[in-house]
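Dear colleague,

Here is the structure I said I would pass on. My notes on it follow below.

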Amino acid sequence: MTALKYLLTLLFVGVVIAEPQWYNSRDGRRYLIDAEQKYNWLSAQQACSRRNLQLVEIKSAAKNEALVEVLSSTFKRPINLWLGANDEFNTNQDPKRPFYWSSSGKRMDFTNWSEGSPANAGSNEHCVHICAKTQNYEWSDLPCTEQIGLICEEQPSYNTHRASLQEKGQKVLDITKKLFGSQQHEQKKSMEKFMHLISQVVKKNNEISRYLEKIESNMSHSNDHSVQLRNKELRSYVEAALKTVQELDQEMQDAAHQMYTKFSKDFNDVQKTIEYIMGNKNEQ
């Protein structure tokens, strides 16, 4: 029973390992590696393309070193893996014959050939791979029909697009934060103004109430001419106070309208800026 469990565990691990996996290198690149030895060069290229990827292109020593670190930490020893280059079926058995990266079409400048490669044995080795027989994941040429593993990478245009989206997204966040930070400041100022106006209205209302009480008291206790004059003065004061309250109320309404108008303008400006950043509209 224990042996069966061990066997099932090995089978399970084998299935997991066989699945293509994403790996991150120290230089920020990402690689999809399928170590299962089942791809000829064309099917490897198509397997990458179906995922909107490409067979890896290694154009510098720095990129090669970072990728070798990933491979050595993952597989412990070199294995056969297709790279995205070929010699365009050149029949010359010349180690200096030109090779080209298939996705970009550019001639291979940086190389990491193993000793004796590329040999083009039998004039039939046209595709480039990382060779399992090397010590440090060096390259060799191989018949394109051989079945080995593959390394895919994101297409440069996709990386540029993703970086552009991240940059645009950050700009949108910055603009949004700035807008709402400004609006919070404006709302605080507006609330302070409203509170001051409200206190003025309350104060005037209290004064009006007190004078109305005096008028009612005077009218109920005397019909004297002087009292009537005083009542007339009180009424004039009350009317002036009521006018002041009306003016304060109108001022509050105007302030609220101004705040709404300013917010709407700021929001529209931000919306236009966001649309321009995201490439939906041309700059005005």
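**Strand β4 and what surrounds it**

β4 and strand β8 (residues 148-154) pair in the parallel sense, with two bridges between them. Please keep in mind that this is a predicted model. In the pairing with β8, L150 is the residue opposite W82.

β4 also pairs with two other strands. Strand β6 (residues 127-130) runs antiparallel to β4 and is joined to it by three bridges; there, N86 has C127 as its bridge partner. Strand β5 (residues 100-101) is antiparallel to β4 as well, and two bridges join them. On that side, W101 of β5 stands opposite A85.

How much of β4 is buried? Six of the six residues of the strand, residues 81-86, are buried, so β4 is largely enclosed by the rest of the structure. In a regular strand, side chains alternate between the two faces of the sheet. In β4, L81, L83 and A85 point one way, while W82, G84 and N86 point the other way. Both sets are buried.

**Helix α2**

Helix α2 spans residues 41-49, and its buried residues include W41, A44, A47 and C48. These cover an arc of only 120° around the axis, which puts them on the same side of α2. An α-helix has 3.6 residues a turn, so residues three or four places apart point the same way.

What covers the buried residues of α2? The cover includes β4, described above, along with β6 and β8. It also includes β2 (30-39) and β3 (53-55).

At the N-terminal end, α2 is capped by N40. A side-chain oxygen of N40 lies 3.1 Å from the backbone nitrogen of L42.

**T134 in the loop after β6**

The loop between β6 and β7 (139-142) contains T134. Is T134 buried or exposed? Its relative accessible area is 9%, and the cut-off for buried is under 20%, so T134 counts as buried.

Leaving aside residues up to four places away in sequence, T134 touches P78 and S114. S114 is 20 residues from T134 along the chain, and the C-alpha atoms of the two are separated by 6.7 Å. Within the loop region, the side chain of T134 reaches the backbone nitrogen of Y137 at 3.4 Å.

In short, the two points I would look at in the viewer are β4, with its six of six buried residues, and the side of α2 that carries W41, A44, A47 and C48.

Regards

Technical notes
Residues numbered from 1 in each chain as written. Predicted model: local features only at pLDDT ≥ 70, side-chain atom pairs only at ≥ 80, totals over all residues. Heavy atoms only, no water. Buried < 20%, exposed > 50% of the residue type's maximum accessible area, 1.4 Å probe, protein only. Helix = DSSP H or I, 4+ residues; strand = E, 2+ residues; numbered from the N terminus. Pairing = 2+ DSSP bridges. Arc of directions from axis to C-beta. Contact = heavy atoms within 4.5 Å. Polar contact = N/O pair within 3.5 Å; in protein donor to acceptor, adjacent residues only side chain to side chain.
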